[in-house]
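The following exercises concern charged side chains and their surroundings. Each task is followed by a solution in steps.

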Amino acid sequence: MNAANAMTAQDKLRQAIELMQDGETATAVVMLNRLLEDADLDDKGRAAAYVWLAESHEDTAFKIHCLERALEHEPDNRQIRQGLEQLRIAPAGPSRPPAPGHADLDEMPRVIGVLGGLNGLASGVFVNSAGLAASTSYALGGAEKLTVTLNEARHLPGRIIRRFPAQDLALIKTPVKLARAPVTAPPALVADHASFVALGYGGVKLRGALQRAHGGRAGNWLRTTIPPAQMPDAGGNPLYDDNGQLLGILTRNVDAAGYALAITMSRVLALAEGERRDRQLMPNTAYCRHCGGRTRARLFGGRHCESCGAALPIDKATAPQSDKLAALYGEDAGRPCAHCGARAGHYDGRCLRCGHAHAGAALARM
(Lines give C-alpha, C1' and ligand atoms only; values in the text may rest on other atoms or scores of the structure.)
Protein backbone atom coordinates (compact mmCIF):
# COMPACT_ATOMS: atom_id res chain seq x y z
CA MET A 1 0.00 0.00 0.00
CA ASN A 2 2.80 2.40 0.91
CA ALA A 3 4.67 1.58 -2.30
CA ALA A 4 1.56 2.34 -4.34
CA ASN A 5 1.09 5.67 -2.60
CA ALA A 6 4.77 6.56 -3.13
CA MET A 7 4.44 5.67 -6.81
CA THR A 8 1.39 7.91 -7.10
CA ALA A 9 3.39 10.79 -5.63
CA GLN A 10 6.22 10.15 -8.09
CA ASP A 11 3.74 10.08 -10.97
CA LYS A 12 2.39 13.46 -9.89
CA LEU A 13 5.93 14.82 -9.69
CA ARG A 14 6.66 13.68 -13.23
CA GLN A 15 3.43 15.27 -14.40
CA ALA A 16 4.34 18.58 -12.72
CA ILE A 17 7.79 18.51 -14.36
CA GLU A 18 6.24 17.87 -17.77
CA LEU A 19 3.86 20.81 -17.26
CA MET A 20 6.81 23.04 -16.34
CA GLN A 21 8.69 21.93 -19.44
CA ASP A 22 5.62 22.66 -21.57
CA GLY A 23 5.38 26.20 -20.22
CA GLU A 24 2.36 25.59 -17.94
CA THR A 25 4.20 27.21 -15.03
CA ALA A 26 1.22 28.33 -12.93
CA THR A 27 -0.40 24.89 -12.95
CA ALA A 28 2.95 23.20 -12.28
CA VAL A 29 3.62 25.47 -9.28
CA VAL A 30 0.28 24.55 -7.72
CA MET A 31 1.05 20.85 -8.19
CA LEU A 32 4.58 21.15 -6.81
CA ASN A 33 3.45 22.99 -3.68
CA ARG A 34 0.72 20.39 -3.18
CA LEU A 35 3.29 17.61 -3.53
CA LEU A 36 5.53 19.19 -0.91
CA GLU A 37 2.72 18.59 1.58
CA ASP A 38 2.32 14.94 0.49
CA ALA A 39 3.79 12.62 3.14
CA ASP A 40 4.23 9.88 0.53
CA LEU A 41 6.81 11.82 -1.47
CA ASP A 42 10.30 10.59 -0.56
CA ASP A 43 13.28 12.85 0.13
CA LYS A 44 14.69 12.55 -3.38
CA GLY A 45 11.33 13.49 -4.91
CA ARG A 46 10.93 16.35 -2.43
CA ALA A 47 14.35 17.71 -3.39
CA ALA A 48 13.40 17.49 -7.07
CA ALA A 49 10.14 19.34 -6.39
CA TYR A 50 12.05 22.20 -4.77
CA VAL A 51 14.53 22.31 -7.67
CA TRP A 52 11.73 22.64 -10.22
CA LEU A 53 9.94 25.15 -8.02
CA ALA A 54 13.11 27.26 -8.17
CA GLU A 55 12.79 27.25 -11.96
CA SER A 56 9.30 28.78 -11.76
CA HIS A 57 10.56 32.23 -10.84
CA GLU A 58 13.41 34.52 -11.92
CA ASP A 59 13.86 35.91 -8.43
CA THR A 60 17.34 35.04 -7.12
CA ALA A 61 16.38 35.05 -3.44
CA PHE A 62 13.48 32.70 -4.17
CA LYS A 63 15.75 30.33 -6.13
CA ILE A 64 18.28 30.27 -3.29
CA HIS A 65 15.53 29.56 -0.77
CA CYS A 66 14.21 26.64 -2.86
CA LEU A 67 17.63 25.08 -3.41
CA GLU A 68 18.46 25.38 0.28
CA ARG A 69 15.28 23.44 1.08
CA ALA A 70 16.19 20.89 -1.63
CA LEU A 71 19.59 20.30 0.02
CA GLU A 72 17.87 19.64 3.34
CA HIS A 73 16.25 16.60 1.73
CA GLU A 74 19.20 15.50 -0.42
CA PRO A 75 22.37 16.92 1.20
CA ASP A 76 24.75 14.81 -0.91
CA ASN A 77 23.40 16.05 -4.25
CA ARG A 78 26.44 17.75 -5.81
CA GLN A 79 24.45 19.30 -8.66
CA ILE A 80 22.07 21.10 -6.30
CA ARG A 81 24.97 22.27 -4.15
CA GLN A 82 26.85 23.65 -7.15
CA GLY A 83 23.76 25.46 -8.42
CA LEU A 84 23.27 27.03 -5.00
CA GLU A 85 26.90 28.16 -4.84
CA GLN A 86 26.64 29.75 -8.29
CA LEU A 87 23.56 31.70 -7.26
CA ARG A 88 25.23 32.94 -4.10
CA ILE A 89 28.35 34.23 -5.88
CA ALA A 90 26.54 35.62 -8.92
CA PRO A 91 27.25 39.33 -9.59
CA ALA A 92 24.69 41.73 -8.25
CA GLY A 93 21.85 42.28 -10.69
CA PRO A 94 18.23 43.34 -10.74
CA SER A 95 17.14 40.14 -8.99
CA ARG A 96 19.55 40.62 -6.10
CA PRO A 97 18.18 42.16 -2.89
CA PRO A 98 19.15 45.82 -2.59
CA ALA A 99 20.56 47.16 0.62
CA PRO A 100 17.87 47.30 3.34
CA GLY A 101 16.34 50.67 3.85
CA HIS A 102 13.35 52.90 3.36
CA ALA A 103 11.21 52.41 0.26
CA ASP A 104 8.56 54.80 -1.03
CA LEU A 105 5.98 53.25 -3.34
CA ASP A 106 3.49 55.13 -5.46
CA GLU A 107 1.68 51.98 -6.55
CA MET A 108 0.24 49.46 -4.12
CA PRO A 109 1.46 45.92 -5.02
CA ARG A 110 -1.56 43.63 -5.26
CA VAL A 111 0.43 40.76 -3.73
CA ILE A 112 3.85 40.40 -2.14
CA GLY A 113 6.08 37.40 -1.43
CA VAL A 114 7.37 36.47 2.02
CA LEU A 115 10.58 34.43 2.30
CA GLY A 116 12.18 32.98 5.41
CA GLY A 117 9.16 31.44 7.12
CA LEU A 118 9.29 27.94 8.54
CA ASN A 119 6.87 26.47 6.00
CA GLY A 120 8.18 27.86 2.75
CA LEU A 121 7.19 30.67 0.43
CA ALA A 122 4.07 32.59 1.41
CA SER A 123 2.09 35.38 -0.16
CA GLY A 124 0.95 38.51 1.62
CA VAL A 125 -0.47 41.97 1.18
CA PHE A 126 0.05 45.44 2.61
CA VAL A 127 -2.80 46.46 4.88
CA ASN A 128 -2.00 50.15 5.41
CA SER A 129 0.11 52.95 3.99
CA ALA A 130 2.68 52.62 6.82
CA GLY A 131 4.04 49.39 5.32
CA LEU A 132 2.34 46.91 7.65
CA ALA A 133 1.87 43.62 5.79
CA ALA A 134 -0.15 40.52 6.59
CA SER A 135 0.41 36.85 5.81
CA THR A 136 -0.30 33.52 7.53
CA SER A 137 0.91 32.41 10.94
CA TYR A 138 1.22 28.87 9.55
CA ALA A 139 3.73 29.91 6.90
CA LEU A 140 5.95 32.02 9.11
CA GLY A 141 5.87 30.01 12.34
CA GLY A 142 8.51 30.97 14.88
CA ALA A 143 10.58 33.05 12.47
CA GLU A 144 11.26 36.66 13.43
CA LYS A 145 13.14 38.24 10.53
CA LEU A 146 11.95 37.77 6.96
CA THR A 147 12.49 38.97 3.41
CA VAL A 148 9.55 40.73 1.78
CA THR A 149 9.67 40.62 -2.01
CA LEU A 150 7.75 43.22 -4.00
CA ASN A 151 8.96 41.94 -7.37
CA GLU A 152 12.10 40.47 -8.87
CA ALA A 153 14.03 43.68 -8.25
CA ARG A 154 12.71 44.76 -4.86
CA HIS A 155 13.58 42.84 -1.69
CA LEU A 156 13.21 44.41 1.72
CA PRO A 157 13.68 43.27 5.32
CA GLY A 158 10.60 42.37 7.30
CA ARG A 159 10.04 41.64 10.97
CA ILE A 160 7.08 39.86 12.57
CA ILE A 161 5.54 41.99 15.29
CA ARG A 162 2.54 39.81 16.16
CA ARG A 163 0.97 36.48 15.28
CA PHE A 164 -2.58 35.31 15.86
CA PRO A 165 -2.44 31.51 15.44
CA ALA A 166 -6.20 30.99 15.88
CA GLN A 167 -6.84 33.31 12.94
CA ASP A 168 -3.77 32.04 11.03
CA LEU A 169 -2.62 35.65 10.74
CA ALA A 170 0.80 37.26 11.07
CA LEU A 171 1.57 40.98 10.97
CA ILE A 172 4.88 42.05 9.43
CA LYS A 173 6.59 45.41 9.81
CA THR A 174 8.44 46.60 6.70
CA PRO A 175 10.31 49.83 5.79
CA VAL A 176 7.82 50.52 3.00
CA LYS A 177 5.85 53.76 2.85
CA LEU A 178 2.92 53.76 0.46
CA ALA A 179 1.24 56.71 -1.17
CA ARG A 180 -2.18 55.32 -0.23
CA ALA A 181 -3.81 52.51 1.71
CA PRO A 182 -5.32 49.53 -0.13
CA VAL A 183 -8.91 49.79 -1.30
CA THR A 184 -10.85 47.49 1.00
CA ALA A 185 -14.38 46.25 0.32
CA PRO A 186 -16.84 47.45 3.00
CA PRO A 187 -17.99 44.43 5.07
CA ALA A 188 -21.66 45.20 4.43
CA LEU A 189 -21.11 45.00 0.67
CA VAL A 190 -19.35 41.62 0.66
CA ALA A 191 -22.04 39.45 -0.90
CA ASP A 192 -22.53 35.69 -0.74
CA HIS A 193 -21.59 33.85 -3.93
CA ALA A 194 -19.54 36.84 -5.13
CA SER A 195 -16.66 35.82 -7.38
CA PHE A 196 -13.06 36.64 -6.47
CA VAL A 197 -9.49 35.99 -7.51
CA ALA A 198 -6.86 34.86 -4.98
CA LEU A 199 -3.36 35.97 -5.95
CA GLY A 200 -0.18 34.03 -5.26
CA TYR A 201 3.24 35.66 -5.44
CA GLY A 202 4.76 34.62 -8.75
CA GLY A 203 1.65 35.11 -10.88
CA VAL A 204 -0.63 32.27 -9.79
CA LYS A 205 -4.33 33.18 -9.82
CA LEU A 206 -7.04 31.06 -8.22
CA ARG A 207 -10.62 31.92 -9.04
CA GLY A 208 -13.46 31.07 -6.70
CA ALA A 209 -16.61 32.32 -5.07
CA LEU A 210 -17.76 33.15 -1.55
CA GLN A 211 -20.15 30.80 0.20
CA ARG A 212 -22.70 31.80 2.80
CA ALA A 213 -21.11 32.26 6.22
CA HIS A 214 -22.74 30.63 9.19
CA GLY A 215 -22.20 29.87 12.86
CA GLY A 216 -19.53 31.48 15.01
CA ARG A 217 -17.27 32.15 12.03
CA ALA A 218 -19.69 34.64 10.47
CA GLY A 219 -18.35 38.19 10.48
CA ASN A 220 -14.64 37.36 10.76
CA TRP A 221 -14.39 34.70 8.07
CA LEU A 222 -15.19 34.29 4.40
CA ARG A 223 -15.99 30.77 3.23
CA THR A 224 -14.44 30.08 -0.17
CA THR A 225 -14.71 27.34 -2.79
CA ILE A 226 -10.92 26.72 -2.76
CA PRO A 227 -9.57 23.51 -1.20
CA PRO A 228 -6.32 24.15 0.72
CA ALA A 229 -4.55 21.60 -1.53
CA GLN A 230 -4.97 24.01 -4.45
CA MET A 231 -3.31 26.94 -2.70
CA PRO A 232 -0.07 27.81 -4.56
CA ASP A 233 1.99 28.37 -1.42
CA ALA A 234 1.74 28.46 2.38
CA GLY A 235 -1.14 30.96 2.33
CA GLY A 236 -1.64 34.67 2.84
CA ASN A 237 -3.07 35.08 -0.66
CA PRO A 238 -5.10 38.31 -0.95
CA LEU A 239 -8.65 37.98 -2.30
CA TYR A 240 -9.90 40.68 -4.69
CA ASP A 241 -13.44 41.11 -5.96
CA ASP A 242 -14.42 42.05 -9.51
CA ASN A 243 -13.98 45.75 -8.65
CA GLY A 244 -10.39 45.27 -7.48
CA GLN A 245 -11.31 45.72 -3.82
CA LEU A 246 -9.49 43.72 -1.15
CA LEU A 247 -11.84 41.21 0.53
CA GLY A 248 -9.58 39.22 2.82
CA ILE A 249 -6.60 36.91 3.13
CA LEU A 250 -6.65 33.19 2.39
CA THR A 251 -5.63 31.05 5.39
CA ARG A 252 -5.03 27.38 6.13
CA ASN A 253 -8.15 27.27 8.31
CA VAL A 254 -10.98 25.26 6.79
CA ASP A 255 -14.75 25.01 7.17
CA ALA A 256 -16.75 21.85 7.86
CA ALA A 257 -16.68 20.95 4.17
CA GLY A 258 -12.88 21.23 3.96
CA TYR A 259 -12.72 24.50 1.99
CA ALA A 260 -10.24 27.22 2.86
CA LEU A 261 -11.40 30.12 4.99
CA ALA A 262 -10.27 33.68 4.40
CA ILE A 263 -10.03 36.15 7.25
CA THR A 264 -11.91 39.33 6.38
CA MET A 265 -9.98 42.55 5.91
CA SER A 266 -12.15 44.21 8.54
CA ARG A 267 -10.90 41.63 11.06
CA VAL A 268 -7.28 42.01 9.90
CA LEU A 269 -7.50 45.78 10.32
CA ALA A 270 -9.11 45.42 13.76
CA LEU A 271 -6.33 43.10 14.95
CA ALA A 272 -3.70 45.44 13.50
CA GLU A 273 -5.26 48.39 15.33
CA GLY A 274 -5.31 46.38 18.57
CA GLU A 275 -1.64 45.60 18.13
CA ARG A 276 -0.89 49.29 17.58
CA ARG A 277 -2.71 50.19 20.81
CA ASP A 278 -0.90 47.47 22.75
CA ARG A 279 2.45 48.82 21.60
CA GLN A 280 1.46 52.33 22.66
CA LEU A 281 0.23 51.26 26.09
CA MET A 282 3.11 48.83 26.66
CA PRO A 283 6.03 50.23 24.62
CA ASN A 284 8.65 48.07 26.31
CA THR A 285 7.06 44.73 25.58
CA ALA A 286 8.72 42.24 23.24
CA TYR A 287 7.40 39.84 20.62
CA CYS A 288 7.36 36.19 21.71
CA ARG A 289 8.10 34.05 18.68
CA HIS A 290 6.67 30.96 20.35
CA CYS A 291 3.08 32.07 21.01
CA GLY A 292 2.98 35.16 18.81
CA GLY A 293 1.94 37.49 21.62
CA ARG A 294 3.73 40.23 23.49
CA THR A 295 5.61 39.65 26.71
CA ARG A 296 6.74 41.97 29.53
CA ALA A 297 8.87 39.37 31.29
CA ARG A 298 12.22 40.57 29.89
CA LEU A 299 11.43 44.09 31.05
CA PHE A 300 11.67 42.81 34.64
CA GLY A 301 14.51 40.36 34.09
CA GLY A 302 12.30 37.33 33.49
CA ARG A 303 13.43 34.49 31.29
CA HIS A 304 10.09 32.96 30.30
CA CYS A 305 7.04 34.35 28.50
CA GLU A 306 4.22 34.91 30.97
CA SER A 307 1.66 33.73 28.39
CA CYS A 308 3.14 30.49 27.06
CA GLY A 309 6.08 29.78 29.38
CA ALA A 310 8.61 29.55 26.52
CA ALA A 311 12.22 30.51 27.20
CA LEU A 312 13.15 34.06 26.16
CA PRO A 313 16.58 35.37 25.14
CA ILE A 314 18.57 36.09 28.28
CA ASP A 315 19.07 39.78 29.02
CA LYS A 316 22.04 39.87 31.40
CA ALA A 317 21.85 43.66 31.65
CA THR A 318 18.50 43.53 33.46
CA ALA A 319 18.49 42.22 37.01
CA PRO A 320 15.40 40.17 37.97
CA GLN A 321 12.79 42.23 39.83
CA SER A 322 11.22 39.59 42.05
CA ASP A 323 8.14 41.57 43.06
CA LYS A 324 7.25 42.54 39.48
CA LEU A 325 7.86 39.01 38.21
CA ALA A 326 5.79 37.53 41.01
CA ALA A 327 2.81 39.62 39.93
CA LEU A 328 3.45 38.95 36.25
CA TYR A 329 3.67 35.17 36.63
CA GLY A 330 0.84 34.99 39.17
CA GLU A 331 3.06 33.25 41.68
CA ASP A 332 1.50 31.53 44.69
CA ALA A 333 2.61 31.44 48.30
CA GLY A 334 4.32 28.07 47.98
CA ARG A 335 7.70 27.14 49.35
CA PRO A 336 10.44 29.25 47.68
CA CYS A 337 12.84 27.55 45.28
CA ALA A 338 16.23 26.88 46.85
CA HIS A 339 17.95 28.00 43.63
CA CYS A 340 16.19 31.22 42.60
CA GLY A 341 13.89 31.98 45.55
CA ALA A 342 10.77 32.14 43.37
CA ARG A 343 7.39 31.07 44.69
CA ALA A 344 6.05 30.18 41.27
CA GLY A 345 5.46 26.61 42.38
CA HIS A 346 6.76 23.29 41.10
CA TYR A 347 5.72 20.75 38.51
CA ASP A 348 7.17 17.27 38.25
CA GLY A 349 9.76 18.22 40.83
CA ARG A 350 11.08 21.28 38.99
CA CYS A 351 10.72 25.00 39.66
CA LEU A 352 8.40 26.70 37.18
CA ARG A 353 10.62 29.80 37.16
CA CYS A 354 14.17 28.49 36.74
CA GLY A 355 13.63 24.84 35.90
CA HIS A 356 15.95 23.49 38.60
CA ALA A 357 14.98 20.32 40.45
CA HIS A 358 13.29 20.89 43.78
CA ALA A 359 15.61 19.96 46.64
CA GLY A 360 13.16 17.47 48.10
CA ALA A 361 12.08 15.98 44.77
CA ALA A 362 14.73 13.27 44.66
CA LEU A 363 13.97 12.18 48.21
CA ALA A 364 10.26 12.11 47.50
CA ARG A 365 10.75 9.65 44.65
CA MET A 366 12.85 7.23 46.71
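A residue is called buried under 20% relative accessible area, exposed over 50%, and partly exposed in between. The model to which this scale is applied is predicted.

**Exercise 1.** Classify Glu-273 by accessibility, and describe its pairing with Arg-276.

*Solution.*
Step 1. Glu-273 has a relative accessible area of 30%, so the residue is partly exposed.
Step 2. Arg-276, at 39% relative accessibility, also counts as partly exposed.
Step 3. The two side chains form a salt bridge, with an N to O distance of 2.5 Å.
Step 4. Both residues belong to helix α7 (residues 265–281), where a spacing of 3 residues places them about one helical turn apart.

**Exercise 2.** Determine where Arg-14 and Asp-11 lie and how their side chains meet.

*Solution.*
Step 1. Helix α1 (residues 2–21) contains both Arg-14 and Asp-11.
Step 2. They are 3 residues apart, about one turn of the helix.
Step 3. A salt bridge of 2.3 Å, N to O, joins their side chains.
Step 4. Arg-14 is partly exposed at 41% relative accessibility, and Asp-11 is partly exposed with a relative accessible area of 36%.

**Exercise 3.** Establish which parts of the chain are tied together by Arg-223 and Asp-255, and state whether each residue is buried or exposed.

*Solution.*
Step 1. The side chains of Arg-223 and Asp-255 meet in a salt bridge of 3.1 Å, N to O.
Step 2. Arg-223 is in strand β11 (residues 221–223), whereas Asp-255 is in the loop between β13 (246–254) and β14 (260–264); the pair therefore ties together parts that are 32 residues apart in sequence.
Step 3. Arg-223 has a relative accessible area of 15% and is buried.
Step 4. Asp-255, with a relative accessible area of 9%, is buried as well.

**Exercise 4.** State how many salt bridges the model has, and identify the residues linked in a network.

*Solution.*
Step 1. A salt bridge requires a side-chain nitrogen of Lys or Arg within 4 Å of a carboxyl oxygen of Asp or Glu.
Step 2. By this rule, the model has 10 salt bridges.
Step 3. Salt bridges link Arg-162, Glu-275, Asp-278, Arg-279 and Arg-294 in a network.

**Exercise 5.** Identify the residues that gather in a surface patch of positive charge, and place Lys-145 within the fold.

*Solution.*
Step 1. The patch brings together Lys-145, Arg-159, Lys-173 and Lys-177.
Step 2. Lys-145 is part of strand β5 (residues 145–151).
Step 3. With a relative accessible area of 71%, Lys-145 is exposed.

Notes:
Residues numbered from 1 in each chain as written. Predicted model: local features only at pLDDT ≥ 70, side-chain atom pairs only at ≥ 80, totals over all residues. Heavy atoms only, no water. Patch = residues over 30% accessible without salt bridge, like charges linked within 9 Å, V, L, I, M, F, W, Y side chains within 5 Å. Areas by Shrake-Rupley, 256 points an atom, 1.4 Å probe, with all protein chains shown as cover. Lys, Arg positive; Asp, Glu negative; His and termini not counted. Charge placed at Lys NZ, Arg CZ, Asp CG, Glu CD. Helix = DSSP H or I, 4+ residues; strand = E, 2+ residues; numbered from the N terminus. Buried < 20%, exposed > 50% of the residue type's maximum accessible area, 1.4 Å probe, protein only.
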